[in-house]
Amino acid sequence: MSMDRDMSQALLEQVNQALQQNTPLRLQGGNSKALLGGPVAGELLDTRSHRGILSYDPTELVLTARAGTPLQDIEAALHEAGQMLPCEPPHLGSAATVGGMVAAGLSGPRRPWAGSVRDYVLGTRVITGHGKLLRFGGEVMKNVAGYDLSRLMAGSFGCLGLLTEVSLKVLPRPRQCLSLCLPMARHQALQALAEWGQQPLPISAACHDGEALYLRLEGGEGSVQSARQRLGGEVLDNRFWSDLREQRLPFFSGPAALWRLSVPSASGELDLPGQQWVDWGGAQRWLKSDAPAQAIHALAASVGGHAIGYGAGAEGSAPLPATLLRYHRALKQQLDPQGVFNPGRLYPQL
């Protein structure tokens with residue numbers, strides 16, 4: 001416990017020094033999500049020395065770790081106990097940390113069926129822009145008065161405070177996992193997914209590459225085998241989903257820019273310039289395209305969604321409507337009044 005206090009104190013001192021000198025900080029773990037968000041000009045604060053699993057009780061389905069703990073260490077401990085992070089967060093590099101996982105808020109193929117990173121954050125310890133180390137939430141699912149800061153940290157890219165510790169809800173791994181490949185056109189796949197979504201099928205991942213629909217079935221042996229007989233198709237290696245999550249599939253290579261579009265799952269086919277990959281049963285579309293950022297943002301907005309560009313800098317984030325921008329600024333002012341944490345990373349105006 002004394003070592004943990006020393007580690008937290010070192011981070012707190014660095015933050016307070018930055019506040020005193022009015023020096024922006026560039027918060028960083030493994031830097032595996034560097035292609036997302038705008039550039040940050042500031043003094044580096046590296047969290048990776050603040051690492052280690054603090055507590056893990058498989059019977060309670062709760063794990064608490066310091067923010068700089070490698071994500072692969074978290075997953076190894078869970079795997080040994082037959083458990084998992086249900087949101088299936090992408091690493092996008094071997095150095096990914098659990099703090100970066102929460103800050104980026106990215107989820108993998110299981111997201112529509114299991115929930116997002118935010119849904120599994122039970123509590124956090126955060127150094128705020130007032131120079132204080134505070135605890136929010138706990139090891140049970142509950143809210144706190146005012147802002148639920150633990151949930152707000154998910155997807156904030158470090159612009160609201162420095163995450164030092166996180167408690168996560170975990171779940172048992174499914175007893176059986178089977179993946180299928182079914183050749184069909186994109187419009188047929190989207191129609192089929194819409195129909196299957198209303199039925200008790202144990203689908204936990206679904207994507208389409210333009211030529212075939214890929215499905216993952218998870219659950220008890222009986223339900224998985226029953227669905228496999230009903231759906232048909234050829235059996236696929238389950239590693240396909242980790243390759244998709246980590247952007248190792250051939251689709252993700254090549255010089256064209258990579259975009260991720262979040263859209264309503266019932267959007268149907270989208271007339272997008274470039275190569276398109278349907279993920280999350282239709283709710284996420286990967287796009288490799290050299291089209292202007294403004295055109296991609298406009299197309300996503302036209303169907304009620306939004307786009308994020310990888311390596312596109314400030315242009316990668318969709319412009320915020322005036323009302324949302326006002327709320328974001330008010331929140332930033334409350335939690336980081338001097339604007340020292342990752343200025344410009346999430347949005348240029350913050």
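Here are three short exercises on this predicted model, each with a worked solution.

Residues are numbered from 1 along each chain as its sequence is written. Local features need pLDDT of at least 70, side-chain atom pairs count only at pLDDT 80 or more, totals for chains, interfaces and linings use all residues, and side-chain values use heavy atoms, with hydrogens and water left out.

**Exercise 1. The nonpolar core**

Task: find the residues with the most contacts inside the largest nonpolar core, then list what Leu85 touches.

Solution:
- Start with the term: a nonpolar core is a set of buried Ala, Val, Leu, Ile, Met, Phe, Trp, Tyr and Cys residues joined through side-chain atoms within 4.5 Å. Buried means under 20% relative accessible area, exposed over 50%, and partly exposed in between (1.4 Å probe, protein chains only).
- The largest core has 52 residues, and Ile74, Leu85, Met101, Val102 and Trp277 have the most contacts inside it.
- Helix H3 (residues 98-104) gives the most to this core, with four residues; helices (H or I, at least four residues) and strands (E, at least two) are DSSP runs, numbered from the N terminus.
- Now take Leu85: leaving out residues up to four places away in sequence, Leu85 touches Leu71, Ile74, Glu75, Leu78, Met101, Arg110, Leu168 and Val170. Contact here means heavy atoms within 4.5 Å.

**Exercise 2. A ring pair**

Task: describe the geometry of the Tyr214 and Trp277 pair and place both residues in the chain.

Solution:
- Rings of Phe, Tyr and Trp (its six-membered ring) pair if their centres lie within 6.5 Å; planes under 30 degrees apart count as stacked, over 60 as edge-to-face and the rest as tilted.
- The whole structure holds eight aromatic pairs. In the one formed by Tyr214 and Trp277, the centres are 6.4 Å apart with 10° between the planes, and the pair is stacked.
- Tyr214 belongs to strand S12 (residues 212-219) and Trp277 to strand S15 (residues 275-279), 63 residues apart.
- Check burial: Tyr214 is buried at 11% relative accessible area, and Trp277 is buried at 6%.
- Ring pairs also link Tyr214 and Trp277 into a cluster with Phe240, Trp241, Phe251, Phe252, Trp286 and Tyr310.

**Exercise 3. A threonine in a loop**

Task: locate Thr97 and decide whether Thr97 is buried or exposed.

Solution:
- Thr97 lies in the loop between strand S5 (83-84) and H3.
- Its relative accessibility is 4%, so Thr97 counts as buried.
- Beyond its neighbours within four places in sequence, Thr97 has contacts that include Gly29, Arg48 and Pro70.
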